[in-house]
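Colleague: I have a structure open in front of me and would like to learn how to read it step by step. Could you take me from the overall picture down to single residues?

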Amino acid sequence: FQAEDGIRDIGVTGVQTCALPILRKANKFDLPELVEMMRMYSAESPISELKKSEHHDDEHIKQMMFLMMVRGFVLIEEDKGFIVGGVFPNFWCPKVREVRELAWWVYPEHRDKLVGGRLFIGFQQEAQKLIEQNKADIIVMSLMGQNVNLESRGFKKIDSTFVKEKPCQQA
């Protein structure tokens, strides 16, 4: 038996076991992998300004990831993907605290293999804990360049995001 994304293992007992994927909260030792995944995430962005390597700053990414580990959460499935959630006051109503999804990315070879779904479920569970602990009031997710139906997961679509970029300059 081998579970999806699992590893066959016949140990000393001769009984076959399966290493199931581990979704967990990231820690400071995950920062190098998170920085690398953020580079790949940026490279796939539909926003050309975000793709430019001269705009990437590894130290900034490390600082922001560490801050989100404290002010929210970073979930990682090693060598497969991550999702980041942070708690922020609402722009219009500062007493309302939002858990916002800030980045959600899966390595291309692991897409359509349930990794993104596990990350999403983990995000929902962590966000719900923050609501139950009275540290947040609402959950907000935004998707960039993905066709995912969050309405089937209890979310209500309230707006769309549009981006206007600088015009390309001819050399």
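**Reading the model**

Modeller: Of the 171 residues of the protein chain, 33% count as buried, and please keep in mind throughout that this is a predicted model. The accessible surface of the chain comes to about 11600 Å², and 56% of that surface belongs to carbon and sulfur atoms.

Colleague: How many helices and strands does the protein chain have, and in what order do its elements run?

Modeller: The secondary structure comes to four helices and seven strands, and from the N terminus on the elements run β-β-β-α-α-α-β-β-β-α-β. Among contacts in the chain with a separation of 6 or more, 57% are accounted for by residues 24 or more positions apart.

Colleague: Let us turn to a helix, then; which residues of H3 are buried, and where on the helix do they lie?

Modeller: The general idea is that an α-helix has 3.6 residues a turn, so residues three or four places apart point the same way. In H3, the buried residues are Ile-61, Met-65, Met-68 and Met-69; they cover an arc of only 105° around the axis, which puts them on the same side of H3. The face turned away from that buried side carries the exposed residues Gln-63 and Val-70. As for its length, H3 spans residues 58-71 and reaches 20 Å from its first C-alpha to its last, close to the 20 Å expected at 1.5 Å a residue.

Colleague: What do the buried residues of H3 pack against, and what is found at the start of this helix?

Modeller: They pack against helix H1 (31-43) and against the strands E4 (72-77), E5 (81-89) and E6 (97-106). At the start of H3, a side-chain oxygen of Asp-57 reaches to within 3.1 Å of the backbone nitrogen of Glu-59.

Colleague: Which residues of the largest nonpolar core touch the most other members?

Modeller: In soluble globular proteins, nonpolar side chains tend to be buried together. Here the largest nonpolar core has 18 residues, and those touching the most other members are Leu-34, Met-37, Met-38, Met-65, Val-74, Phe-82 and Val-84. H1, H3, E4, E5 and E6 each supply at least two residues of this core, and H1 gives the most, with six residues. Apart from this core lies another, of 17 residues, among them Phe-73, Leu-75, Leu-119 and Ala-127. If you would like to follow a single residue, Val-84 is, leaving aside its neighbours within four places in sequence, in contact with residues including Met-65, Met-68, Phe-73, Val-74 and Phe-123.

Colleague: Which residues are buried in H4, and why can one say that they line one face of the helix?

Modeller: The buried residues of H4 (115-132) are Val-115, Leu-119, Phe-120, Gly-122, Phe-123, Glu-126, Ala-127 and Leu-130. Seen down the axis of H4, these residues fall within an arc of 165°, so they line one face of the helix. They pack against strand E3 (23-25), E4, E5, E6 and strand E7 (138-140). Just after H4, Asn-134 takes a positive phi of about 60°.

Colleague: One last residue: is Glu-77 buried or exposed, and which side chain does a polar contact join to its own?

Modeller: Glu-77, which is found in strand E4, has a relative accessibility of 1% and therefore counts as buried, the cut-off being under 20%. A polar contact of 2.7 Å joins its side chain to that of Arg-118.

Terms used. Residues are numbered from 1 along each chain as its sequence is written. This is a predicted model: local features need pLDDT of at least 70, side-chain atom pairs count only at pLDDT 80 or more; totals for chains, interfaces and linings use all residues. Side-chain values use heavy atoms; hydrogens and water are left out. The expected span of a helix is 1.5 Å times one less than its number of residues. Buried means under 20% relative accessible area, exposed over 50%, partly exposed in between (1.4 Å probe, protein chains only). The arc is that of the directions from the helix axis to the C-beta atoms. Contact means heavy atoms within 4.5 Å. A polar contact is a pair of N or O atoms within 3.5 Å; within protein, one must be able to donate a hydrogen and the other to accept it, and residues adjacent in sequence count only if both atoms are side-chain atoms. A nonpolar core is a set of buried Ala, Val, Leu, Ile, Met, Phe, Trp, Tyr and Cys residues joined through side-chain atoms within 4.5 Å. Accessible areas come from the Shrake-Rupley method with a 1.4 Å probe; for residues, only the protein chains shown count as cover.
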